[in-house]
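User: I am new to this structure and would like to understand the terms applied to it. Please show me the model and then explain how each label is reached.

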Amino acid sequence: MSRRSPRETPRGVTARTVAQAKLNLFLHVLAREASGYHQLETLFCRLELGDEVTVRTDLRGRSLDCSGEAIPVGGLGPVERNLAWRAALAFSDAAGWPNDWAIDVTKRIPVGGGLGGGSADGAAVLRCLNALAPVPLPSERLLALAAGLGADVPYLTVDHPLVLAWGRGERMIALPPLPARPVTLVCFPFGVATPDAYGWIDAERASPATAPAARHLDDFTTWQRVSAHARNDFEKVVARHHPEVARAVGTLRRDASTDPAAFALLTGSGSTVALVSAASADHDRAGDGRLDGVASRLVSTRTATAVVGVEVSG
Ligand code: C5P
């Protein structure tokens, strides 16, 4: 009887999942490294809002098709720069498999807004390919690939909805998920380029802002405590460059002040501002609108209590 090598054992040819967006419930930019990168400390939380990602390995050639309501008028840019494509390439180089792939992304996460949409797609491709691979990569190798793709990608590759991350985003501790909360996202027709936002912080700071801090895991176990720490170091500099963001933050904070359980803050390096409301809040704000005279799109979603799994078929 001949023994099949593990590489010959098919695990399916199609994998699909939802690439969920993220919020940073706090984000501190710490010291700038000699490399130019910055040390971070952030509390990540997945949202229910997500892109649909499907990966097939049974077709000839390599392709990436993106469609959906969230694609900006100018498109998503070159395929080779798309994190979904770069993730497939990185996986294939590391695992020696697959040679061919067909990736399909239905975009629902607003693009360029600090919600981690591109990173979530890249992470979803890594998760899908690892679920299909005849010989899956061990989790530390998958995370190393993720870290090479960007600071948000390691978090978006793990199966935990609430994570405290530091370093360049590759050091993580999973925390017990918090109950779902309604979230209103104020999305602007412009994004903020992450390197610009780090540059604005560098220009503002005379010395690295690494004040000592002692945190307790209890700080992250209730929404009330999380809300007490909700702060994003990018907010001040991004608001200065984009007065619309400053106005949205002001308006949402006024809304939040009538509700002790609610808080509002910028996510990532912006431009999206998120209002996290009390569980009981009226939550039907959605669509194009003006918030205090500022053109924006409001998207309603919720914080996620679980990460959507990968479904394998074929
Ligand atoms: O990780 P991501 O691809 O989002 O980073 C985009 C850019 O933001 C990096 O090329 C770098 O200029 C800056 N960055 C940084 N420190 C980090 C993460 C990103 O300076 N920890």
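The exchange below takes up burial, salt bridges and the ligand in turn.

Analyst: This is a predicted model, in which local features need pLDDT of at least 70 and side-chain atom pairs count only at pLDDT 80 or more, while totals for chains, interfaces and linings use all residues. Residues are numbered from 1 along each chain as its sequence is written, and side-chain values use heavy atoms, with hydrogens and water left out.

User: Why does R127 count as buried?

Analyst: Buried means under 20% relative accessible area, exposed over 50%, and partly exposed in between, with a 1.4 Å probe and protein chains only. R127 has 9% relative accessibility and therefore counts as buried. The residue lies in helix α2, residues 117-132; helices are DSSP runs of H or I with at least four residues, and strands are runs of E with at least two, numbered from the N terminus.

User: What makes D159 and R127 a salt bridge?

Analyst: A salt bridge requires a side-chain nitrogen of Lys or Arg within 4 Å of a carboxyl oxygen of Asp or Glu. The N to O distance between the side chains of R127 and D159 is 3.3 Å, so the pair meets that definition. The two residues are 32 residues apart, with D159 in the loop between α4 (153-157) and β5 (162-167). D159, at 51% relative accessibility, counts as exposed.

User: Why is E52 called partly exposed, and which residue is its salt-bridge partner?

Analyst: E52 has 36% relative accessibility, so the label is partly exposed. Its partner is R108, with the closest N and O atoms 2.7 Å apart. R108 is also partly exposed, because its relative accessible area is 28%.

User: How do you know that R253 and E235 form a salt bridge, and how is E235 classed, buried or exposed?

Analyst: Their side chains meet at 2.9 Å, N to O. E235 has a relative accessible area of 13%, so this residue is buried, whereas R253, at 37%, is partly exposed. In total, the structure holds 17 salt bridges.

User: What makes the approach of H38 to the ligand a polar contact?

Analyst: A polar contact is a pair of N or O atoms within 3.5 Å; within protein, one must be able to donate a hydrogen and the other to accept it, and residues adjacent in sequence count only if both atoms are side-chain atoms. A polar side-chain atom of H38 lies 2.7 Å from an oxygen atom of the ligand, so the pair qualifies. A polar backbone atom of A151 is 2.8 Å from a ligand oxygen atom.
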